[in-house]
Amino acid sequence: MPNRLSKEKSPYLLQHATDPVDWYPWGKEAVVAARTQDKPIYLSIGYSTCHWCHVMESETFSDNAIAAELNTSFVNIKVDREER
């Protein structure tokens with residue numbers, strides 16, 4: 001199921017659009033969600049050609065158990081460092 005990144009234009013963010021992690025792009029909506037839900041922010045910054053970003057994608061962010069823990073405990077924000 002696509003997350004909020006499916007509406008983004010960044011190739012890097014789009015790579016994470018089908019992760020089970022409930023990602024937000026950087027912006028006011030994410031900050032408001034963190035305040036409203038009283039959760040800390042999990043901030044992941046990367047770029048499309050980063051080797052270790054792809055490792056995290058395949059070994060962590062695509063894992064349903066890890067995603068469930070992230071989704072329960074944090075408001076998850078993904079940032080493309082080449083766009084910010």
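This is a short talk on the fold of one protein chain and a few of its residues.

Good morning. A word on the source before we start: the model is predicted.

Let's take the whole chain. It has four helices and three strands. Starting at the N terminus, the order is α-β-α-β-α-α-β. How does the radius of gyration fit the chain length? For 84 residues, a compact globule would have a value near 12 Å, and the protein chain has 12 Å, so the two agree. Along the principal axes, the C-alpha atoms fill a box of roughly 35 × 30 × 20 Å.

Next, the inside and the outside. Of the 84 residues, 37% are buried. The accessible surface is about 5,300 Å². Carbon and sulfur atoms hold 54% of that surface. Now contacts. Take those with a separation of 6 or more: 66% of them link residues 24 or more positions apart. And charges. There are 9 positive and 12 negative ones, and their mean positions lie 9 Å apart.

On to the strands. I'll start with β3, residues 75-80. How many of its six residues are buried? Six of the six, so β3 is largely enclosed by the rest of the structure. Look at the two faces. V75, I77 and V79 are buried on one side. N76, K78 and D80 are buried on the other. Note that this second face carries a lysine and an aspartate, K78 and D80.

Which strands pair with β3? One is β1, residues 23-25, joined to β3 by three bridges. Those two strands run parallel. In that pairing, Y24 has I77 as its bridge partner. The other is β2, residues 41-46, joined to β3 by six bridges. That pair is parallel too. Here I41 is partnered with V75.

Now the helices. Begin with α1, and with L13, which sits in it. Is L13 buried or exposed? Its relative accessibility is 5%, so L13 counts as buried. Beyond four places in sequence, L13 touches L5, E8, K78, V79 and D80. Remember K78, V79 and D80: these are buried residues of β3. L13 also has Y47 34 residues away along the chain, with 8.3 Å between their C-alpha atoms.

Helix α2 covers residues 28-37, and A34 is in it. A34 has a relative accessible area of 9%, and is therefore buried. What does A34 touch, apart from residues up to four places away? K39, I41 and V75. We have met two of these already: I41 and V75 are bridge partners. A34 and N76 are 42 residues apart in sequence, yet their C-alpha atoms are 8.9 Å apart.

Just past that helix comes D38, in the loop between α2 and β2. D38 is exposed, because its relative accessibility is 69%. Its backbone stands out. D38 has a positive phi, about 55 degrees, and it is not a glycine. Most residues other than glycine have a negative phi.

That brings us to α3, residues 51-61. Which of its residues are buried? C53, V55, E57, T60 and F61. And what do they pack against? Two helices, α1 (11-15) and α4 (64-73), together with the strands β1, β2 and β3.

Two residues of α3 deserve a closer look. The first one is E57. Its relative accessible area is 18%, so E57 is buried. With neighbours within four places left aside, E57 is in contact with Q15, H16, D19 and S62. For distance, take E82: 25 residues from E57 in sequence, and 18 Å away, C-alpha to C-alpha.

The second one is T60. T60 has a relative accessible area of 18%, and so it is buried as well. Its contacts outside the four-place window are V55 and I66. V55 is itself one of the buried residues of α3.

To wrap up. Strand β3 is largely enclosed, with six of its six residues buried. It pairs in parallel with β1 and with β2. The buried residues of α3 pack against several elements, β3 among them. L13 in α1 reaches β3 residues including V79, and A34 in α2 touches V75. Thanks for listening.

Definitions and conventions: Residues are numbered from 1 along each chain as its sequence is written. This is a predicted model: local features need pLDDT of at least 70, side-chain atom pairs count only at pLDDT 80 or more; totals for chains, interfaces and linings use all residues. Side-chain values use heavy atoms; hydrogens and water are left out. The radius of gyration is taken over C-alpha atoms; the globule rule is 2.2 Å times the number of residues to the power 0.38. Buried means under 20% relative accessible area, exposed over 50%, partly exposed in between (1.4 Å probe, protein chains only). Contact means heavy atoms within 4.5 Å. Accessible areas come from the Shrake-Rupley method with a 1.4 Å probe; for residues, only the protein chains shown count as cover. Lys and Arg count as positive and Asp and Glu as negative; His and the chain ends are not counted. The place of a charge is taken as NZ of Lys, CZ of Arg, CG of Asp or CD of Glu. Two strands pair if DSSP finds at least two bridges between them.
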